[in-house]
Amino acid sequence: MIHCDLKMQNIFRSNANIQFIDFEFVSVGDKTWDIACIIESFLHESPIKNKPENSALFFSSLIETYCANLGLTDESKRMVYIK
């Protein structure tokens, strides 16, 4: 299962957790689609454009949380990073 519409507006941070919302387009597909969608969304957001040093931390946190929520094995998580 993938979100299919993962973008800045569908992610909220509360304390140390990241929460996903707006699941109306959930579907079966390649998990890296969601990663590509969020990267595209981030590239158009001013905070990332103006402070690129924050992007590496945010992307790694996002990918780690996303993989953990999916219950991916280390091998599957490695494939997400590679793609």
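Two strands are said to pair if DSSP finds at least two bridges between them. With that in mind, let me begin with the hairpin of this model, which, I should say at once, is a predicted one.

Strand 1, residues 11–14, and strand 2 pair in the antiparallel sense, and they do so over four bridges. Within that pairing, arginine 13 stands opposite isoleucine 18 of strand 2. The hairpin that the two strands make has two residues between them, and asparagine 15 takes a positive phi there, near 55°. If we then look at strand 2 from either side, Ile18 and Phe20 make up its covered face, while Asn17 and Gln19 make up the uncovered one.

That covered face brings me to the interior. The largest nonpolar core has 14 residues, and those with the most contacts inside it are Leu6, Ile11, Phe20, Ile38, Leu62 and Tyr66. Strand 2 (17–20), helix 1 (32–43) and helix 3 (52–70) each supply at least two residues of this core, and the largest share, five residues, comes from helix 3. Phenylalanine 20 deserves a moment by itself: leaving aside residues up to four places away in sequence, it touches Leu6, Asn10, Ile11, Leu62, Tyr66 and Asn69. Four of the residues just named, Leu6, Ile11, Leu62 and Tyr66, are also listed among those with the most contacts inside the core.

Let me turn to the cysteines. Why does the structure hold zero disulfides? For cysteine 4, the closest cysteine sulfur is that of cysteine 37, and because the two sulfurs are 7.4 Å apart, they are too far from one another for a bond. The cut-off that matters here is 2.5 Å between the sulfur atoms. Cysteine 37, seen from its own side, is likewise in no disulfide, with the sulfur of cysteine 4 as its nearest cysteine sulfur. As for their surroundings, cysteine 4 counts as partly exposed at 24% relative accessibility, whereas cysteine 37, at 17%, counts as buried.

Finally, the charged pairs. Side chains of opposite charge can pair when their charged atoms come close. A search of the whole structure finds three salt bridges, and I will take them in turn.

In one of them, lysine 7 pairs with aspartate 5, the closest N and O atoms being 3.7 Å apart. Here lysine 7 is partly exposed, with a relative accessible area of 31%, but aspartate 5, at 16% relative accessibility, counts as buried.

Another joins lysine 77 to glutamate 64, with 3.1 Å between the closest N and O atoms. This pair links distant parts of the chain, since lysine 77 sits in helix 4 (residues 74–82) and glutamate 64 in helix 3, 13 residues apart. Lysine 77 is partly exposed, with a relative accessible area of 21%, and glutamate 64 counts as partly exposed at 35%.

The remaining salt bridge is the one in which the side chains of arginine 78 and glutamate 75 meet, at 2.5 Å from N to O. Both residues lie in helix 4, three residues apart, or about one turn of the helix. Arginine 78 has a relative accessible area of 45% and is partly exposed, and glutamate 75, with 42%, is partly exposed as well.

Technical notes:
Residues are numbered from 1 along each chain as its sequence is written. This is a predicted model: local features need pLDDT of at least 70, side-chain atom pairs count only at pLDDT 80 or more; totals for chains, interfaces and linings use all residues. Side-chain values use heavy atoms; hydrogens and water are left out. Buried means under 20% relative accessible area, exposed over 50%, partly exposed in between (1.4 Å probe, protein chains only). A nonpolar core is a set of buried Ala, Val, Leu, Ile, Met, Phe, Trp, Tyr and Cys residues joined through side-chain atoms within 4.5 Å. Contact means heavy atoms within 4.5 Å. A salt bridge is a side-chain nitrogen of Lys or Arg within 4 Å of a carboxyl oxygen of Asp or Glu.
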